[in-house]
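Ready for some practice in reading a protein model? Work through each exercise yourself before you look at its solution.

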Amino acid sequence: MEKYSIRSLVGRLCEPEIPEFPLETELNLPNQRVINLDALRTRSDLLKPNEKNILEKLLTYYCKTEKVTYKQGMNEILAPFLLLNRHNVPLHICYTCFKNFVAKFIPTLFVDDAFKPLSGLYVITKLILKYHLPDLSTCFSNNEITPDIYMTTWYVTMFSSKIKELGLLYIFWQYLIDTNDNLFIIYFGIALFEFFKQEIQNQEVMSLPNVFKKICIVDYDTLQIVLQNSERIKANMPFTADMILKKYNMFCLENTESFVKLLEKFMCLLILPREIIIQTYPHDAVCKCLDPRNCKTKRLKYLLIDCRPTKEQKNGYFINSQLLSKAAQKYPNKLLNYPKSFISLKKNTHIALMGSEENKDEENLVQKLFDSFIQHEFPYVSIVFGGYKSCHEFALLHNFEILSHKIKRCLACNSCDDSENKAKELTLDSFFRIGSTQKTLTPVIKDSLIKTEKIYKCKINESQDIEESDIGLIVTLKQIYLWDIRRNEVIEVFDIDQLTKITSNKTCSENLYFSFIKIPKRSFILRPEECKEFLFKVRTNFQAMRN
Ligand SMILES: [Zn+2]
Ligand SMILES: [Zn+2]
């Protein structure tokens with residue numbers, strides 16, 4: 001690898017010319033013997049004896065200063081950074097790069113002695129694998145090959161154990177940092193499976209764990225192909241599914257267990273009404289851009305299958321949706337073979353299944369149809385979160401036409417208010433209040449507020465276009481309001497005097513994290529040009545309240 005690339009890898013992880021600091025420490029941790037043995041074993045053919053000593057010292061130093069117990073995996077990640085020292089990168093910089101790299105991608109993985117975040121990432125990986133490679137996913141689940149068998153090393157060593165050649169590993173890590181996407185590690189792992197799919201499928205199930213161990217990247221061409229495949233997988237992630245998964249930050253240790261419980265209930269990736277409506281309605285109805293062919297909003301091809309009972313479909317349905325036939329609803333055999341009629345769409349169309357969210361039987365039907373698609377090895381099949389009811393609400397809100405809509409008979413129009421509120425709250429729960437047992441009461445807010453106070457547009461997901469976002473933040477003397485711009489209503493209120501700190505993302509300074517005394521951390525991304533002004537306002541009001 002050229003020097004230039006080493007410099008840019010280091011530049012991505014460490015401030016230039018940070019002052020040198022001593023890395024000396026006594027080798028006296030309770031499990032020092034393990035660290036010592038691991039240091040001797042790590043890339044043993046490559047590291048010279050003095051480098052092995054330094055590796056042990058830095059691992060010990062890291063455990064002491066970060067107050068974590070040593071865990072295997074740290075050695076695999078640290079060694080490649082340590083070896084940058086051979087390219088005249090000072091040792092304290094090598095160390096800082098390692099520390100920041102871990103903090104960026106696996107912040108609390110080594111903090112928790114049970115590797116708790118992994119249990120969450122397993123569930124996420126299973127869902128993503130099922131969406132992209134249903135055949136492998138089925139093969140694994142039929143044979144009880146659980147993600148812990150194949151993906152622990154992805155995160156614990158950051159693929160250091162899979163990419164032995166240092167130059168290639170540096171290229172991969174640099175690429176990973178540039179994606180700024182925590183799920184990319186999973187896409188890359190799945191892309192690696194895709195590349196070795198033949199080998200995996202030709203093996204006896206018993207020997208699969210060994211096959212997984214052997215799978216690795218040994219040359220530049222393979223790395224390039226696997227990276228390209230990862231990009232394709234990423235591009236084929238529905239943006240709202242990606243958004244939902246990213247809301248469950250598994251590295252937030254106090255929430256990991258509840259997140260795992262929630263996600264384990266997902267049988268597949270869920271997408272939100274806004275995505276399926278925008279993707280299935282004609283371009284000009286949902287997007288103002290002048291270039292439909294290269295439109296970013298409608299980037300994926302979608303087929304919406306409406307699984308509601310026929311009598312409900314008759315009272316309104318969405319343009320371009322496929323209505324599940326009465327026969328398929330009635331006869332299990334027809335349902336099982338239903339996917340066959342879409343064989344020509346396989347592999348290039350995303351299929352979203354929608355129930356009505358009214359009765360349990362039908363939820364069952366959606367699940368059965370989903371299973372049929374998986375049995376026929378269709379990739380890209382998801383279920384619409386909130387079903388017809390939520391889509392219907394979204395369509396009405398944005399004035400998208402519902403065909404044959406008979407308002408008097410339409411179930412969604414006539415469901416009682418009580419359950420409507422519940423549905424709305426549920427949606428909000430998933431996005432803004434996850435992990436919190438405390439509900440913020442939404443106070444009555446005076447109209448005058450929005451007329452006088454500026455709305456700072458914001459988004460919660462990096463891949464979203466901020467100008468298309470529907471939410472904003474309003475700063476008043478005592479509170480920050482999360483505001484629904486389209487509906488002109490409050491989503492959530494934060495008390496400024498409950499703020500403990502606001503931090504910004506190292507690589508993206510307009511991505512702000514708000515920490516509070518009693519409620520979990522929130523993060524919002526503002527317009528870069530408004531960020532300073534916003535922070536100034538909050539700070540001023542905060543100080544005014546303290547004085
Ligand atoms: Zn467009
Ligand atoms: Zn209706």
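**Warm-up**

Here is a starting point: His405 has a relative accessible area of 22%, and that makes this residue partly exposed. Keep in mind throughout that the model is predicted.

**Exercise 1. Find which residues coordinate the zinc ion (ligand 2), and name the geometry of the site.**

Solution, step by step:

1. Start with the donors. His392 and His405 each give their NE2 atom, while Cys410 and Cys413 each give SG, at 2.0 to 2.2 Å.
2. Next, check the angles. Among the four donor atoms of the zinc ion (ligand 2) they run from 102 to 116°. Four donors count as tetrahedral if all angles lie between 85 and 135 degrees, and the site of the zinc ion (ligand 2) is indeed tetrahedral.
3. For comparison, the ideal angle for four tetrahedral donors is 109.5 degrees.
4. Now look along the chain, where the donor residues of this ion follow the spacing H-x12-H-x4-C-x2-C.
5. Finally, place the two histidines. His392 belongs to helix H22 (residues 387–397), and His405 to the loop between strand E7 (402–403) and helix H23 (411–414), so the pair ties together parts that are 13 residues apart in sequence. His392 has 4% relative accessibility and counts as buried, whereas His405 is partly exposed at 22%.

**Exercise 2. Work out the donors, geometry and sequence spacing of the zinc ion (ligand 1).**

Solution, step by step:

1. The protein donors are His283 through NE2, and Cys287, Cys289 and Cys295 through SG; they lie 2.1 to 2.3 Å from the zinc ion (ligand 1).
2. The angles among the four donor atoms are 103 to 118°, and the site is tetrahedral.
3. The spacing of these donor residues in sequence reads H-x3-C-x1-C-x5-C.
4. What about burial? His283 counts as buried at 11% relative accessibility, and Cys287 counts as buried at 11% too.

**Exercise 3. How many disulfides does the structure hold?**

Solution, step by step:

1. The number of disulfides is zero.
2. Take Cys508 as a test case: its nearest cysteine sulfur belongs to Cys531 and is 8.6 Å away.
3. A disulfide needs two cysteine sulfur atoms within 2.5 Å. The sulfur of Cys531 is therefore too far from that of Cys508 for a bond, at 8.6 Å.
4. Cys508 counts as buried, with 12% relative accessibility, and Cys531 counts as buried with 9%.

**Exercise 4. Is Leu55 buried or exposed, and which residues does it contact?**

Solution, step by step:

1. Locate Leu55 first: it is in helix H3 (residues 49–66).
2. Its relative accessibility is 0%. Buried means under 20%, so Leu55 counts as buried.
3. List its contacts, leaving aside neighbours within four places in sequence. Leu55 then touches Ala39, Thr42, Leu47, Asn75, Leu78, Ala79 and Leu82.
4. Try the steps again on Thr108, which sits in the loop between helix H5 (91–105) and helix H6 (116–132). Thr108 is buried, at 16% relative accessible area, and its contacts, with neighbours within four places again left aside, are Pro117, Phe251 and Leu253.

**Exercise 5. Classify the aromatic pair of Phe21 and Tyr95, then the pair of Phe394 and Phe400.**

Solution, step by step:

1. Set the scene: the structure has 40 aromatic pairs by the ring-centre rule.
2. For Phe21 and Tyr95, the centres are 6.3 Å apart with 75° between the planes, and the pair is edge-to-face.
3. This pair links distant parts of the chain, 74 residues apart: Phe21 is in the loop between helix H1 (3–13) and helix H2 (32–41), and Tyr95 is in helix H5. Phe21 is partly exposed at 27% relative accessibility, while Tyr95 is buried at 2%.
4. The ring centres of Phe394 and Phe400 are 6.3 Å apart and the planes meet at 40°, so this pair is tilted. Phe394 is buried, at 16% relative accessibility, and Phe400 is buried at 12%.

**Exercise 6. Name the domains of the chain, with their bounds.**

Solution, step by step:

1. The domain assignment gives domain 1 (3–105), domain 2 (116–264), domain 3 (270–432) and domain 4 (447–546).
2. Taken over C-alpha atoms, the centres of domain 1 and domain 3 are 51 Å apart.

Terms used:
Residues numbered from 1 in each chain as written. Chains lettered and ligands numbered in written order. Predicted model: local features only at pLDDT ≥ 70, side-chain atom pairs only at ≥ 80, totals over all residues. Heavy atoms only, no water. Buried < 20%, exposed > 50% of the residue type's maximum accessible area, 1.4 Å probe, protein only. Donors = N, O, S within 2.8 Å, 3.2 Å for Na, K, Ca; no water. Tetrahedral: all angles 85-135°; square planar, octahedral: opposite > 155°, others 65-115°. Helix = DSSP H or I, 4+ residues; strand = E, 2+ residues; numbered from the N terminus. Domains from an automatic or database assignment. Contact = heavy atoms within 4.5 Å. Phe/Tyr/Trp six-rings, centres within 6.5 Å; stacked < 30°, edge-to-face > 60°.
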